[in-house]
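Thanks for making the time this morning. I would like to walk you through one region of a structure, going step by step from a pair of helices to the strands beside them.

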Amino acid sequence: YDGNESNVATYGRLYTWYAVTDNRGVCPAGWHIPTDAEWTTLTSFLGGESIAGGKMKESGTRHWKSPNISADNSSGFAGLPGGYRDDNGTFYNIGGFGYWWSSTENAGGEAWHRYLSYNYSYANRSYFDYKRVGFSARCLED
């Protein structure tokens, strides 16, 4: 975030959709970027999108802005608010939002992703047509 290497240890790096779907892979051997369906399996298992976000967020306000609604990390996902990098290189929302790519495109060619916010309990599913923006990546074991 913001080119500051000290953010990497806490929030990780931000990747374009092209980087996370490149056949060279950002995940280690035996791991992959989750598909949209795999993200849906997770949020469904956690009770649905409307409450899954709280179960996926790190609890407290050490890294998340207050009030970090419903955050209890009961899933063990420990999602952090790494923000994002716009396609023009500007950074936004560290501390407030976490965005994670899926490896799936929708019918219009946009890329599916999930995001969590400090001010609600949802695990939001959305798509983005600017695949050059930088979001976080979470690897899933094969």
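**Two helices and the strands beside them**

Let me begin with helix H3, residues 36-45, and helix H4, residues 49-56, which in this predicted model pack with their axes 8 Å apart and at an angle of about 90 degrees. Because of that angle, H3 counts as roughly perpendicular to H4. If you look at where they touch, Trp39, Leu42 and Thr43 are the residues on the H3 side, and they meet Glu49, Ala52 and Met56 on the H4 side. Taken by character, the residues of this contact divide into four nonpolar, one polar and one charged.

Now stay with H4 for a moment, where Ala52, Gly53, Gly54 and Met56 are buried. What covers these buried residues of H4? The cover includes H3, which we have just discussed, and also strand S5, residues 111-117.

S5 is itself mostly covered, with six of its seven residues buried, and it has a strand partner on either side of it in the sequence, so to speak of pairing, let me take them in turn. Strand S4, residues 97-105, is joined to S5 by six bridges, and the two run antiparallel, with Gly98 standing opposite Leu116 in S5. S4 and S5 form a hairpin with five residues between them, and in that turn Gly109 has a positive phi of about 90 degrees.

Turning to strand S6, residues 124-128, we find five bridges joining S5 to S6, again in an antiparallel arrangement, and here Tyr115 stands opposite Asn124 in S6. A hairpin through six residues makes the connection from S5 to S6.

How values were computed. Residues numbered from 1 in each chain as written. Predicted model: local features only at pLDDT ≥ 70, side-chain atom pairs only at ≥ 80, totals over all residues. Heavy atoms only, no water. Axes fitted to C-alpha atoms, helices over the stretch in contact; angles between N-to-C directions. Helix = DSSP H or I, 4+ residues; strand = E, 2+ residues; numbered from the N terminus. Parallel < 35°, antiparallel > 145°, perpendicular 65-115°, else oblique. Contact = heavy atoms within 4.5 Å. Nonpolar A, V, L, I, M, F, W, Y, C, P; charged D, E, K, R; others polar. Buried < 20%, exposed > 50% of the residue type's maximum accessible area, 1.4 Å probe, protein only. Pairing = 2+ DSSP bridges.
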